[in-house]
Amino acid sequence: MRILAIADVEEPWLYDHLDRHRLDEADLIISCGDLSARYLEFVATMARVPLLYVPGNHDEAYVSAPPEGCINIDGRLWEGKGLRIFGAGGSMRYRTGTYMYTESQMRRRVRRFVLRRQLARGLDILVTHAPARGYGDLDDLPHRGFEAFNELMDKYRPSYLLHGHVHMSYGRIERKLIHPSGTRILNVYGSQLIDVTKPTR
């Protein structure tokens with residue numbers, strides 16, 4: 001199975017000069033945030049496969065006009081294509097904003113979900129906007145990751161954590177990392193095609 005993961009910037013090959021062959025390789029599309037609703041709607045329409053998304057810190061427009069034809073997984077578990085996927089959007093709170101959280105607020109959001117026991121059967125992919133603390137984040141507050149995501153990976157050991165938020169232009173950014181839990185962490189800034197093996201349960 002192939003997932004097209006997108007975040008942060010609109011890719012010319014997906015929008016201005018649609019590469020139909022590349023897009024048709026995707027069985028599922030996941031947005032990790034900071035992309036306009038218009039862009040997500042276009043990609044979902046052209047791809048004709050499910051498009052899941054979490055909001056980024058710049059996606060306040062989603063409150064009044066969420067992307068139509070797309071599936072919001074922020075704070076929700078999505079099951080399909082043989083996968084269990086959970087989303088936790090937003091970034092560290094560095095100003096007032098709809099999708100900005102302190103560490104304690106993000107931890108409470110995650111725990112509320114976990115307490116509903118919907119993750120009892122495991123988790124295959126964790127989708128976030130911000131990275132986990134210490135894994136692809138930066139030291140400045142706006143780009144600092146969440147320790148709560150490390151706790152999720154330690155507990156549920158998803159195969160992947162997909163995130164955006166930290167742009168490749170910010171410096172020496174590692175796109176692929178391995179967490180001690182075994183989770184593969186991918187910064188999907190722009191776009192990444194990912195081959196995922198469906199788990200056997």
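Is Asp-74 buried or exposed? In this predicted model, Asp-74 has a relative accessibility of 14%, and because the limit for a buried residue is under 20%, Asp-74 counts as buried. The side chain of Asp-74 meets that of Arg-109 in a salt bridge, with a distance of 3.0 Å from N to O. This pair links distant parts of the chain, since Arg-109 belongs to helix H3, residues 103-115, whereas Asp-74 lies in the loop between strand S4 (71-72) and strand S5 (77-80), the two residues being 35 residues apart. Arg-109 likewise counts as buried, with a relative accessibility of 18%.

The salt bridge between Arg-109 and Asp-74 belongs to a set of eleven that a search of the whole structure finds. Arg-133 takes part in two further examples: its side chain meets that of Asp-137 at 2.7 Å, N to O, and a salt bridge also forms between Arg-133 and Asp-139, where the closest N and O atoms are 3.7 Å apart. The accessibilities of these three residues fall into separate classes, for Arg-133 is partly exposed, with a relative accessible area of 27%, Asp-137 is buried at 15%, and Asp-139 counts as exposed at 63% relative accessibility. Elsewhere, Arg-2, Glu-25 and Asp-195 are joined into one network by salt bridges that share partners.

Turning to the strands, an open sheet is formed by six of them in the order S5-S6-S9-S10-S12-S11, with mixed pairing. S5 and S11 are the edge strands, each of which pairs on one side only. On average, and with direction ignored, neighbouring strands of this sheet are turned by 20° against each other. Helix H4 lies across strand S6 (83-88), strand S9 (125-128), S10 and S12, and runs at about 170° to S9.

Within this sheet, both parallel and antiparallel pairing can be followed around S12. Strand S10, residues 160-163, runs parallel to S12, residues 184-187, and is joined to it by four bridges. In this pairing Tyr-160 has Arg-184 as its bridge partner in S12, while His-163 stands opposite Asn-187. Strand S11, residues 176-178, runs antiparallel to S12 and is joined to it by three bridges, and here Ile-178 stands opposite Arg-184. Arg-184 is thus placed opposite residues of two strands, Tyr-160 in one pairing and Ile-178 in the other. S11 and S12 form a hairpin in which five residues lie between the strands, and Gly-182, in the turn, has a positive phi of about 100°.

The region of this hairpin is also reached by Arg-157, which is placed in the loop between helix H4 (147-156) and S10. Leaving aside residues up to four places away in sequence, Arg-157 touches Leu-123, Leu-152, Pro-180, Ser-181 and Thr-183. One of these contacts involves polar atoms, as the backbone oxygen of Ser-181 lies 3.0 Å from a polar atom of the Arg-157 side chain. The C-alpha atoms of Arg-157 and Asp-124 are separated by 7.8 Å, although the two residues are 33 residues apart along the chain. Even with these contacts, Arg-157 is exposed, with a relative accessible area of 52%.

Note on methods: Residues are numbered from 1 along each chain as its sequence is written. This is a predicted model: local features need pLDDT of at least 70, side-chain atom pairs count only at pLDDT 80 or more; totals for chains, interfaces and linings use all residues. Side-chain values use heavy atoms; hydrogens and water are left out. Two strands pair if DSSP finds at least two bridges between them. Buried means under 20% relative accessible area, exposed over 50%, partly exposed in between (1.4 Å probe, protein chains only). Contact means heavy atoms within 4.5 Å. A polar contact is a pair of N or O atoms within 3.5 Å; within protein, one must be able to donate a hydrogen and the other to accept it, and residues adjacent in sequence count only if both atoms are side-chain atoms. A salt bridge is a side-chain nitrogen of Lys or Arg within 4 Å of a carboxyl oxygen of Asp or Glu. Axes are lines fitted to C-alpha atoms, for helices over the stretch in contact, and angles run from 0 to 180 degrees between N-to-C directions.
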